[in-house]
Amino acid sequence: MATEKEEIDDSLYSRQRYVLGDSAMKQMAHSNVFLSGLGGLGVEIAKNVVLAGVRSLTVHDTKTATFKDLGTQFFLREEDVKASKNRAEASVSRLSELNPYVTVKSSTQELTADTDLTFLSEFKCVIITEAPLSLQQKLDEYCRSQEPPIKFIMADVYGVHSYAFCDFGDEFTIMDPNGEEPKESFIATITKENPGVVTSLDNRMHGFQDGDSVSFKEVQGMTALNGTTRPIKVLSPYAYTIGDLSGDEFQPHETGGIATQVKMPKPATFKSLAVQLKSPCTRLVDFTKDPNASHLAMCALLQYIDEHKQLPAVRSSEDAQKLIAIATKLNQELENAIEPLNNDMITNLAYTSQGSFVPLTAAMGGIVAQEVLKALTGKFTPLNQWLFLDAVEILGSQDSIPAESFQPRGDRYDSLRICVGDEMVQKLANLRLFMVGCGAIGCEMMKNYALLGIASTDKGKITITDNDLIEKSNLNRQFLFRPHHIQKPKSETAAASTKEINPALHIEPHQNKVCPDTEQSHYNDAFFQRNDVIVNALDNVEARRYMDSRCVTNKKPLMESGTLGAKGHVQVIVPDLTETYSNQQDPPEESVPYCTLKSFPATIEHTIQWARDKFENMFNMKPNMFNKYWSTNGSPQQALERMQNGLQPENTFQTLKLLKNRPGTWDRCVATARIKFEKYFNHKAKQLLYSFPPDAKTSEGEPFWQSPKRPPTPVEFDSSNELHMLFVVSAARLYASFCNIRVTDEDRSSARLLAIINGTKVPKFVPSDKKIVTDESASGKENEDSSGGPSGEADDDEDDADITACIHTLQELIKAGRAEGSFLGLLPVEFEKDDDSNGHIDFITSASNLRASMYSIEHADRFKTKRIAGRIVPAIATTTAAVSGLATLELIRYVKGAELEEYRNCFLNLGLAIMMFSEPGPATTTVIKPGLTFTQWDMWHVQGNPDFKLADFVKYFQDKHDLTVSMVVNGTKMVYVPIMPGHMKRLPQKMCDLIKFSDGIKYVDLTVGFEPEDPDEDEDLSGPPIRYHFGL
């Protein structure tokens, strides 16, 4: 990934860098990791660690690949089993393909309690799976004895139970407990007392917590605080204390100041495995389950393996009793004994321990890999110290199922069959599943489905769709893709890679977007009805809501999941049982006032947004407007004729101005960019100071320039300043791009650029009396014309010109030959954040930082600017793997036919080692009137015929539900509203005449409102969606 002299490969790691940061990434790039046991869990951990970018991974295993392994170990193939290959050796090449920067080695030497462990001294972290307890203890002791200690992790999946344990030594330093961006708060007041109290500006929540340390800057009056860092105590969401400020060195606070959270290293202490076996520190993840009971059961199983040198036999009551006896004995040795023993859980563990449940290997593989990254970097808070996950609900009542149904049959599904029985294996094989999205979560889901054998019979089918092509940045998380797949369709590639894992799967890949445009052509109601389960693997809320609505309409279950850095969620949505995705909504993002972006930025985020909007306005919106003008109004001669006839087509002034000023050569591109520099970063500041001098007052008599408003300072262009030149060059390149001007290396040489710049005549500043918006409640739309960007700032002074001036300008351009041919077409620039050669991020970074200089705001580097401007969602493979496993678990619960209390939604934050499971909310019931209710899953059907009239439709509800229709709406069309003029006359008309529909459409969904029973009520009664069947 990186050496001392090399930079991190941002084209590969960009999304992960935003999760871990460069310091952690470089630490990983110099770390060697040892992993023993390359079964289902081991290969999941290995995959995620390699994708993350460690220096080297040594995978150790002494076992030969079996057909049973194919059900959990996705990097083994049938030919490996037939050739009796060692699991580690068979997997090394496929693991190596995941990341060219990681060295993957295999080891097949015996690892026992008698092995000399000094070979482990080169590793920074050791992970052990599928090992006996005696060896685990010896390894932990050895790792703790090293200086510095080797970080030790052990984990396993036994049937439908799993665990992880971490020991990072007596003294471990957490460099960044949560990985969040440091919070920043503007200061309103600071009291000169003991303790001094700081309050936030404009009653905004500061976001700090007790014990945080904050630094201060830009404080006026009490300047002794500037540059200091102090611990705080929170008084309220808007105030906190910072210690004694009563001394003479602290002058009274006048105004302003910014408090910024400072990440401080935090020590953590771990106990040895020997101590933790008897006095465990466990993590609660499900309020219905006792993690200490799980700990006892797992310790008993590890003891059983040590004593019997094997796992309990499948469904053996005798072996289950032996395990209970061991647990009973161990319970007496625990510091806090479990009373009473959970014999059912211990029995289930014994019955299924020879199996390995794929959803748990995926989930635990992501969790453990994240702990590995914490061990290597100190980034995030490690697990303290045990975590137990199980899926016992999947077992349900299996007493009626013959024991033979769980016995191995020598095929790839034995691990699954041991856990859930052959009947469930067949149900999964016959499943018809539709998944939307084949990105990071989609790839992990497909891997899980291959291991489970979903759609592996002729009755089953997996349909996947994704309209994206593979990019290099995808390879860091979307593990089904390789470098030679770049620019190939995600869906087709994912399908092919999945079939390499399990050739029996039936997969149909599509390259369509699922949206209203494809609702009739591809993904109509009949399509949804043909599928048993719908799975979301999406990355945006709008698409999720649309899929939710389609599943509700067709009463289909939806498995919803998503990630944001180390955070993730899983929501299971079941018809008539649970609430839907749309029942819960995130709070809206806080918008930035128009005047703040345009004239009074206070943070680097404001300047980045301004630069991003400026890019869109200058290089995309204006060229698009220009092209649309000519396609709408014809040739310049035709447009001139229309104006001479008294018409002035929309955007005439802007289009002619752009036509007149568009660069025709590289020299003009550079000159234009230089002039823009002067306008944006010099003249703009001078105009603001002309309109609002430093001593300006508000209408209330307060200083105008006070926090958070910052008085600007004009930036004087300096050709020796790298930032100044970056703006000019990147802007010139973008002008050349949309004007289709070829640029050579010689054109971009320093000598050529300086010659052009020095020869450019830069206009002098002329003050204007144009009003500057200061009202924070004013929107940009009220202050922009049609060519203004999203920030509401147009590129130039764009006052309307009279038609005479426009006619004259166009006549002159026609006469000069500048209104013909190539002059009439521009090439709008589409923003692309991941191509470092196109200059897009260069322009935004330079423009943002120059504006920041103008307002004395701290600069942001290119990396941060790219994240904010590109709205990049931080992502890492560990979270994706964990979320996909938990979502797959809920899918299996649905196929089993679970009750509401058996399902689990989940929120997790792997950075904090937090997982919280909760029962889904039930479907919401709405009462129309006493005795008549509906949920969001309900739909009322009205069967019509060719002669069915609106009056019949209205009468239907009167007769069936004693409801009086007050409104009928089809999409955005008002079909019937009695109080509207003329609508009563529609009652005799046929429904098929009132509602326009295309050929082949058999029904339409309507929104119908009803009059309230109480005439004093103003609000109409809402009902469920009404599906009207035309009956044609």
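**Exercise 1. Decide whether F479 is buried or exposed, and examine its aromatic partner.**

Solution. F479 has a relative accessible area of 2%, and since buried means under 20% relative accessible area, F479 counts as buried. This value, like every other one in these exercises, comes from a predicted model. The next step is to turn to F75, which has a relative accessible area of 3% and is therefore buried as well. A pair of aromatic rings is described by the distance of the centres and the angle of the planes. For F75 and F479 the ring centres are 6.4 Å apart and the planes stand at 70°; planes over 60 degrees apart count as edge-to-face, so this pair is edge-to-face. The last step is to place the two residues along the chain: F75 is in the loop between β2 (56-60) and α4 (78-82), F479 is in the loop between β18 (461-465) and α15 (490-501), and the pair thus links distant parts of the chain, 404 residues apart.

**Exercise 2. Describe the geometry of the aromatic pair of F168 and F270, and find where each ring lies.**

Solution. The centres of the two rings, F168 and F270, are 5.0 Å apart and their planes make an angle of 40°, which makes the pair tilted. F168 belongs to the loop between β6 (161-167) and β7 (172-174), while F270 belongs to the loop between β15 (266-268) and α7 (273-278), so the pair ties together parts that lie 102 residues apart in sequence. As for cover, F168 and F270 are both buried. To set these pairs in context, the structure holds 49 aromatic pairs, and one aromatic cluster is formed by W610, F615, F619, F677, Y680, F681, F717, F727, Y735, F738, F831 and F843.

**Exercise 3. Work out how many residues of helix α1 are buried, and what covers them.**

Solution. Helix α1 spans residues 10-20, and ten of its eleven residues are buried, so that the helix is mostly covered. Among the buried residues are D10, R15 and R17, together with L12, Y13 and L20. The cover over the buried residues of α1 includes α2 (22-28) and α3 (40-52), and also α11 (358-377) and α27 (862-869). Just after α1 comes G21, which has a positive phi, near 85°.

**Exercise 4. Locate L827 and list the residues that it touches, leaving out those up to four places away in sequence.**

Solution. L827 is found in the loop between α25 (803-815) and α26 (840-854), and with a relative accessibility of 43% it counts as partly exposed. Leaving out residues up to four places away in sequence, L827 touches S737, F738 and N740; of these, F738 is one of the members of the aromatic cluster in Exercise 2. The C-alpha atoms of L827 and R662 are separated by 12 Å, although the two residues are 165 residues apart along the chain.

**Exercise 5. Judge how compact the whole protein chain is.**

Solution. The protein chain contains 30 helices and 32 strands. Its radius of gyration is 33 Å, close to the 31 Å that the globule rule gives for 1032 residues, so the chain is as compact as a globular protein of that length. Along the principal axes, its C-alpha atoms fill a box of roughly 100 × 85 × 65 Å. Of the 1032 residues, 56% count as buried, and of the contacts with a separation of 6 or more, 73% involve residues 24 or more positions apart.

Key: Residues are numbered from 1 along each chain as its sequence is written. This is a predicted model: local features need pLDDT of at least 70, side-chain atom pairs count only at pLDDT 80 or more; totals for chains, interfaces and linings use all residues. Side-chain values use heavy atoms; hydrogens and water are left out. The radius of gyration is taken over C-alpha atoms; the globule rule is 2.2 Å times the number of residues to the power 0.38. Buried means under 20% relative accessible area, exposed over 50%, partly exposed in between (1.4 Å probe, protein chains only). Contact means heavy atoms within 4.5 Å. Rings of Phe, Tyr and Trp (its six-membered ring) pair if their centres lie within 6.5 Å; planes under 30 degrees apart count as stacked, over 60 as edge-to-face and the rest as tilted.
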